[in-house]
Amino acid sequence: MKFYVCIKQVPDVSAPLQIKDGQLIQDNDRMILNAYDASAVEEALVLTEKHGGEVEVVLIGPEKASETIRKALAMGAHRGTHILITEKQKIDSAVYARILASYFSDKEYDFIACGKQAQDTDSGLTGSMLAEHLKIPYVTNAVGLDYENHHLTVKRQGDIGQEMIELPAPGVVTCSNDMNEPRIPSLKGIMQSKRKEVNTLTPDELGMKMEDVEIKTRILGFEEKPGRKPGKKLEGDPDKIARKTAHLLDEEAGVL
Amino acid sequence: MSTLLTYISVNNGKIKRSSLEVLSRCTQEANKLGFKSAALIIDENATQYSSQLGSYGLTKVYTVEGPSFKNHLNTPVLKALSAVMNRVKPKVMAFASTEGSKDILGALAANQGIPALPDMSEFEVTDTGVKGKRPVMAAKIISNVEAEGDSVIISVRSGSYDLINLPSEPEVESVEVDVGEDETKSILKEIITASGDRVDLSEADVVVAAGRGVKDEEGQNLISELARLLNAGIGASRALTESGAYDPSLQIGQTGKVVSPQLYIAVGISGAIQHVAGITNSKVIVAINKDPDAPIFDIADYGIVGDLYKVLPPFIEELKKIKGE
Ligand SMILES: Cc1cc2nc3c(=O)[nH]c(=O)nc-3n(C[C@H](O)[C@H](O)[C@H](O)COP(=O)(O)OP(=O)(O)OC[C@H]3O[C@@H](n4cnc5c(N)ncnc54)[C@H](O)[C@@H]3O)c2cc1C
Ligand SMILES: Nc1ncnc2c1ncn2[C@@H]1O[C@H](COP(=O)(O)O)[C@@H](O)[C@H]1O
């Protein structure tokens with residue numbers, strides 16, 4: 001089974017963020033593999049370990065993002081493709097999906113896995129856009145995967161419960177981080193990753209002229225979230241502070 | 001005249017409040033700009049819900065009906081949406097941000113060749129498209145965004161807008177969409193619903209959420225008792241959906257649901273950013289945690305520092321007195 005996983009390098013959201021003049025100051029040392037993509041890699045590895053096959057990761061990003069490809073290779077992915085763009089290009093999910101679609105247009109595969117969303121943009125668009133461009137079926141927000149006879153059984157988290165959906169190959173699935181704990185690369189994995197093949201391409205080589213690509217959504221700037229301030233903090237005898245809070249909710253906050 | 005079209009989500013036989021919030025905002029924007037506000041219901045029994053849309057200043061309700069829409073599956077819904085959009089050519093196609101809409105937003109945008117802005121907390125319609133705000137980076141900061149196009153798709157976080165009351169008698173137009181069976185390649189096998197008749201979290205006025213501090217059945221019983229007393233929806237942190245203590249549908253946060261209740265009570269939850277991402281639209285946040293330095297206290301309006309097993313019983317008892325139980 002041939003599994004492709006689309007992975008993105010994102011800033012670590014748990015690192016402190018700074019906004020200056022409407023711009024986000026990112027700490028270049030704290031860039032990580034998008035957590036949802038790590039889960040997608042993990043799941044693809046588990047399935048190919050069980051049923052045979054190969055996992056290839058595809059990343060669109062600047063030079064620096066190649067470290068994230070290495071991370072996925074160290075987890076166990078067999079090979080990688082790096083589609084190189086410059087840091088300055090303000091690309092949205094729609095353009096990422098277009099580039100990925102041109103990459104996949106002449107590839108053969110059973111499944112393409114994406115994250116359910118990128119942790120930095122929280123968009124969650126790329127996977128289903130890609131499926132629509134490739135005209136293949138897709139399932140989003142997977143929390144469990146199983147493989148049998150050329151189809152995946154996807155457990156999907158819906159609004160009120162889970163749905164079991166049968167997805168035939170070729171198809172796209174987007175993964176939640178709720179389906180597994182991504183493995184931490186072993187020392188051996190890290191050593192082996194250095195010898196694995198990474199193929200570097202440009203959008204140009206895929207027939208996409210980035211200068212001509214129309215980017216229809218734009219980020220005008222960033223701002224602090226209107227902060228919630230800490231309110232009253234009650235410490236002391238549990239019985240007293242519990243009863244006091246009940247009355248505060250009734251008389252002061254008026255929410256009962 | 002241009003139309004702002006709002007997709008109405010139906011869940012368990014009820015229109016979702018979050019859709020009505022988006023609809024209310026769209027009607028206000030339409031009235032401001034001299035556009036029409038219309039609604040679209042895609043459901044097994046779509047027409048039956050149109051009568052519930054009489055107070056949102058609508059000119060028109062489009063319905064697409066049929067057995068293909070009994071359960072959510074993306075292929076038929078996309079087909080219906082594309083058909084209606086091709087017909088109406090809305091300036092804005094607006095959704096409430098739900099797992100159902102997240103499932104189709106990207107594919108619909110790609111299919112129509114138009115931009116999409118998901119999960120917005122504010123939006124306004126402009127001459128060239130839509131602009132507004134989106135929480136990003138696990139909802140730690142706000143990005144000001146803009147989409148350009150004759151038609152733009154957006155989705156809006158629950159709790160972002162209030163409901164309006166603007167009586168009107170919209171015309172109901174049923175749109176026929178033929179959903180070819182062979183086109184539906186992915187097949188829904190089974191629906192595993194959350195057990196019990198729970199309050200829909202994303203619309204609950206009160207949410208009681210349990211975290212890892214809730215260690216055992218005794219703790220869960222206290223949570224259930226508090227929730228019953230306050231007529232609250234029960235939610236959980238990832239720690240407890242992952243452990244299997246609570247149903248995964250109850251997870252609140254970046255991976256889980258966004259809630260916007262009047263009152264949110266976090267019990268034994270540390271307040272990791274990914275959890276907080278789902279709760280900052282709450283009006284009043286109460287936190288019960290034995291660690292005085294837990295980050296949840298940074299955003300709580302009322303913080304009770306203490307052991308939940310010692311705090312909850314008198315808290316529940318006092319609330320009962322206040323409620324006259
Ligand atoms: C990509 C990604 C997405 C994520 N999405 C989500 C999400 O959607 N939702 C989510 O919740 N998490 C999410 N997480 C996980 C998140 O980072 C935290 O791990 C999780 O929220 C922790 O849950 P918790 O607060 O219950 O547990 P902990 O962080 O372990 O906190 C338990 C708290 O309980 C307190 N406590 C213990 N015993 C008691 C007692 N007897 N009385 C009172 N207090 C007590 C402790 O002091 C502690 O503060 C995500 C993580 C990642 C990486
Ligand atoms: N630059 C990228 N390179 C490779 N895959 C990407 C890229 N951007 C997004 N994706 C994939 O699309 C998913 C959703 O991204 P988004 O639509 O931005 O939330 C991610 O989890 C990745 O799997």
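In this predicted model, the second largest cavity holds about 180 Å³ of space. It is lined by 14 residues. Ser97(B), Thr98(B), Lys102(B), Lys257(B) and Val258(B) are the closest to its centre. The lining consists of one nonpolar, six polar and seven charged residues. Residues from domain 1 (3-183) and domain 2 (206-323) of chain B both take part in this lining, so the cavity lies between the two domains.

The structure holds four cavities of 30 Å³ or more. The largest of them contains about 590 Å³ of space. Its lining comprises 44 residues. Nearest the centre of the largest cavity lie Lys116(A), Gln117(A), Ala118(A), Gly124(A) and Leu125(A). Both chains supply elements that give two or more residues to this lining. From chain A these are strand E1 (2-7), strand E6 (54-61), helix H3 (93-104), strand E8 (111-115), helix H4 (126-134) and strand E9 (138-148). From chain B they are helix H4 (99-102) and strand E7 (116-120). By class, the lining of the largest cavity has 16 nonpolar, 18 polar and 10 charged residues.

Ligand 2 is surrounded by 19 residues. The closest are Cys6(A), Asp37(A), Ala118(A), Gly124(A) and Thr126(A). Ala118(A) and Gly124(A) are also among the residues nearest the centre of the largest cavity. Several polar contacts reach ligand 2. A backbone N or O atom of Gly124(A) lies 2.6 Å from an oxygen atom of the ligand. A polar side-chain atom of Asn34(A) lies 3.1 Å from an oxygen atom of ligand 2. A nitrogen atom of ligand 2 is 3.2 Å from a backbone N or O atom of Ile7(A). Taken alone, ligand 2 exposes 490 Å², and the protein buries 100% of that area.

Ligand 1 lies between chains A and B. Its shell holds 30 residues. Arg212(B), Ser237(B), Ile252(B), Ser270(B) and Asn289(B) are the closest. Helix H1 (35-51) of chain A supplies at least two residues of the shell. So do helix H7 (238-242), helix H8 (273-276) and helix H9 (308-323) of chain B. The shell divides by class into eight nonpolar, 16 polar and six charged residues. Polar contacts to ligand 1 come from side chains and from the backbone of chain B. In the side chain of His275(B), an N or O atom is 2.8 Å from an oxygen atom of ligand 1. A polar backbone atom of Thr255(B) is 2.9 Å from an oxygen atom of the ligand. A polar side-chain atom of Asp307(B) lies 3.0 Å from a nitrogen atom of ligand 1. Ligand 1 exposes 990 Å² when taken alone, and the protein buries 83% of that.

The largest pocket has a volume of about 1,200 Å³. It is lined by 47 residues, with Lys90(A), Ile91(A), Asp120(A), Thr121(A) and Ile219(A) closest to its centre. Elements of both chains give two or more residues to the lining. In chain A they are strand E2 (9-11), strand E4 (23-25), E6, H3 and strand E14 (217-224). In chain B they are E7, strand E9 (129-136) and strand E10 (141-148). E14(A) gives the most, with six residues. The lining of the largest pocket has 25 nonpolar, 13 polar and nine charged residues. E6(A), H3(A) and E7(B) also line the largest cavity.

Chain A is divided into domain 1 (2-212) and domain 2 (231-256). The C-alpha centres of these two domains lie 46 Å apart.

Two features of the chain A backbone complete the description. Most residues other than glycine have a negative phi, and most peptide bonds are trans. Asp21(A) is not a glycine, yet its phi is positive, at about 50°. Asp21(A) sits in the loop between strand E3 (18-20) and E4 of chain A. A cis peptide bond joins Ala169(A) and Pro170(A), with omega about -5°. Pro170(A) belongs to the loop between strand E11 (161-168) and strand E12 (171-175) of chain A.

Notes
Residues are numbered from 1 along each chain as its sequence is written. Chains are lettered from A and ligands numbered from 1 in the order in which they are written. This is a predicted model: local features need pLDDT of at least 70, side-chain atom pairs count only at pLDDT 80 or more; totals for chains, interfaces and linings use all residues. Side-chain values use heavy atoms; hydrogens and water are left out. On a 1 Å grid over the protein atoms alone, a cavity is a set of points where a 1.4 Å probe fits but cannot get out, and a pocket is an open set with protein on both sides within 12 Å along at least five of seven lines; lining residues have an atom within 4 Å of a point. Grid points are joined across faces, edges and corners, and a volume is the space filled by probe spheres set on the points. Helices (H or I, at least four residues) and strands (E, at least two) are DSSP runs, numbered from the N terminus. Ala, Val, Leu, Ile, Met, Phe, Trp, Tyr, Cys and Pro count as nonpolar, Asp, Glu, Lys and Arg as charged, and the others, Gly among them, as polar. Domain bounds come from an automatic or database domain assignment. A residue is near a molecule or strand if one of its heavy atoms lies within 4 Å of it. A polar contact is a pair of N or O atoms within 3.5 Å; within protein, one must be able to donate a hydrogen and the other to accept it, and residues adjacent in sequence count only if both atoms are side-chain atoms. Accessible areas come from the Shrake-Rupley method with a 1.4 Å probe; for residues, only the protein chains shown count as cover.
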